[in-house]
Amino acid sequence: MSKPDHNGALKRASTPGKATVLAIGKAFPSQLIPQEYLVEGYIRDTKCQDLSIKEKLQRLCKTTTVKTRYTVMCKEVLDKYPELATEGSSTIKQRLEIANPAVVDMALQASLACIKEWGRPATDITHIIYVSSSEIRLPGGDLYLATELGLRNDVNRVMLYFLGCYGGATGLRVAKDIAENNPGSRVLLTTSETTILGFRPPNKARPYDLVGAALFGDGAAAVIIGTDPATGTESPFMELNYAVQQFLPGTQNVIDGCLTEEGINFKLGRDLPQKIEDNIEAFCRKLMSKAGVTEFNDLFWAVHPGGPAILNRLENSLKLREGKLECSRRALKDYGNVSSNTIFYVMEYMREELKKGGGEEWGLGLAFGPGITFEGILLRSL
């Protein structure tokens with residue numbers, strides 16, 4: 001059944017009691033870095049003299065397909081904290097001095113944009129879910145964000161820390177559970193990430209540092225989730241029909257992160273894309289079965305773009321038609337891998353595509369991260 005929304009667009013009716021995405025917003029730090037300028041800036045800022053490292057970073061920057069990224073790190077930060085670019089410096093205190101307020105500020109701006117699109121007062125928000133792998137403190141950013149937004153002091157708060165790239169999809173699953181089990185609730189889900197904790201000089205003993213420098217960016221995103229949208233005032237664009245999380249036993253070391261006095265160190269196994277390829281079809285079919293869909297190309301796809309290799313493997317393994325992962329590739333090109341946020345940038349691009357009409361009703365939202373953990377959501381376009 002279809003009906004016009006308050007903007008006049010023809011929309012499908014949402015399923016009673018099912019969680020829907022009512023609004024979306026995003027925000028970024030002010031520093032925008034075109035990929036073609038990254039290598040010279042990174043080598044200069046870290047005072048690297050090794051030509052082989054520079055050449056490797058140049059190759060990586062081309063293979064990532066990233067064109068632009070936003071970063072909290074900038075000249076002003078390095079001028080104030082030059083020790084961040086010094087190998088072996090104990091700098092976790094300084095990094096958190098930068099990251100803690102930065103992620104809350106980005107989350108605030110994304111949330112304000114989301115609430116503006118939603119069109120209802122912030123005091124109507126009943127729950128807040130705050131996702132980040134970029135800050136550490138008590139109380140957490142959820143409290144600071146709720147205060148800055150002027151939310152009621154009885155708003156129910158949930159923090160999801162250090163989930164990495166699948167954090168945004170986990171947030172959607174948790175928001176879905178909250179919304180569907182608390183009729184009338186409105187859940188603000190916000191994600192915010194910065195690479196400050198992982199910024200360091202290149203070292204041949206840490207090859208993944210260069211991958212991070214070539215691929216990752218900073219930013220924030222926010223969505224409002226609720227069931228049974230108010231006619232005439234709320235305009236849902238996507239339904240969260242069914243959600244699944246799964247981990248692959250014995251793969252906990254494939255994506256390995258460790259917090260040290262120098263910040264956070266990551267190691268990424270070369271077999272990550274293969275592990276995902278080997279397990280993705282069965283995982284997707286579990287979700288698809290709930291909608292009675294059997295063909296992968298009968299779905300729209302909102303996939304977290306961990307990197308081009310993962311997208312290519314997924315596309316080839318599932319024999320997806322060209323263009324099926326275009327929204328994921330576009331988000332990677334425009335923003336880089338922004339960890340938990342990126343799935344929302346993909347969803348926003350997907351909303352633009354679905355608005356054009358004639359698109360699929362059912363789709364999959366997918367994200368992958370440490371564990372190896374798969375998060376999947378059966379989506380329904382409204």
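Trainee: What phi does glycine 357 take, just after helix 11?

Mentor: In this predicted model, glycine 357 has a positive phi of about 90 degrees. Glycine 357 comes just after helix 11.

Trainee: How do you know that helix 11 is close to the expected span?

Mentor: Helix 11 covers residues 342-355 and has 14 residues. From its first C-alpha to its last it reaches 20 Å, and 20 Å is expected at 1.5 Å a residue.

Trainee: What makes helix 11 mostly covered?

Mentor: Eleven of its 14 residues are buried. Among them are Phe344, Tyr345, Met350 and Leu354, along with the charged residues Glu348 and Arg351.

Trainee: Why is serine 339 called buried?

Mentor: The relative accessibility of serine 339 is 11%, and buried means under 20%. Serine 339 therefore counts as buried. Its place is the loop between helix 10 and helix 11.

Trainee: What is the phi of serine 339?

Mentor: Phi of serine 339 is near 55 degrees, which is positive in a residue other than glycine. Most residues other than glycine have a negative phi.

Trainee: Which loop holds lysine 319, and what is its phi?

Mentor: Lysine 319 lies between helix 9 (308-317) and helix 10 (326-335). Its phi is also positive, near 55 degrees.

Trainee: Why is lysine 319 called exposed?

Mentor: Exposed means over 50% relative accessible area. Lysine 319 has 65%, so it is exposed.

Trainee: Is glycine 232 buried, partly exposed or exposed, and why?

Mentor: Glycine 232 has a relative accessible area of 49%. Buried would require a value under 20%, and exposed a value over 50%. The 49% lies in between, so glycine 232 is partly exposed. This glycine sits in the loop between strand 9 (219-227) and strand 10 (238-247).

Trainee: Why is helix 1 called roughly antiparallel to helix 2?

Mentor: Helix 1 (residues 35-45) packs with helix 2 at an angle of about 155 degrees, their axes 10 Å apart. Angles over 145 degrees count as roughly antiparallel, so helix 1 is roughly antiparallel to helix 2. The contact involves Gln35, Leu38, Val39, Glu40, Tyr42 and Ile43 of helix 1, and Lys54, Leu57, Gln58 and Cys61 of helix 2. By class, six of these residues are nonpolar, two polar and two charged.

Trainee: What makes helix 2 oblique to helix 7?

Mentor: Helix 2 (residues 51-63) and helix 7 (residues 208-215) pack at about 45 degrees, with axes 9 Å apart. Roughly parallel needs an angle under 35 degrees, and roughly perpendicular runs from 65 to 115. About 45 degrees fits neither range, so helix 2 is oblique to helix 7. The crossing is right-handed.

Trainee: Which residues make that contact, and how do they divide by class?

Mentor: Helix 2 contributes Ile53, Lys56, Leu57, Leu60 and Cys61, and helix 7 contributes Leu210, Val211, Ala213 and Ala214. Eight are nonpolar, none is polar and one is charged. Lysine counts as charged, so the charged residue is Lys56.

Trainee: Which peptide bonds are cis, and what are their omega values?

Mentor: One joins leucine 138 and proline 139, with omega about -5 degrees. Proline 139 is in the loop between strand 6 (127-132) and helix 5 (141-149). Another runs from glycine 371 to isoleucine 372, with omega near -15 degrees. Isoleucine 372 lies in the loop between strand 14 (362-369) and strand 15 (373-381). Most peptide bonds are trans.

Conventions
Residues are numbered from 1 along each chain as its sequence is written. This is a predicted model: local features need pLDDT of at least 70, side-chain atom pairs count only at pLDDT 80 or more; totals for chains, interfaces and linings use all residues. Side-chain values use heavy atoms; hydrogens and water are left out. Axes are lines fitted to C-alpha atoms, for helices over the stretch in contact, and angles run from 0 to 180 degrees between N-to-C directions. Helices (H or I, at least four residues) and strands (E, at least two) are DSSP runs, numbered from the N terminus. A crossing is left-handed if the near helix is turned anticlockwise from the far one by less than a right angle, and right-handed if clockwise. Contact means heavy atoms within 4.5 Å. Buried means under 20% relative accessible area, exposed over 50%, partly exposed in between (1.4 Å probe, protein chains only). The expected span of a helix is 1.5 Å times one less than its number of residues.
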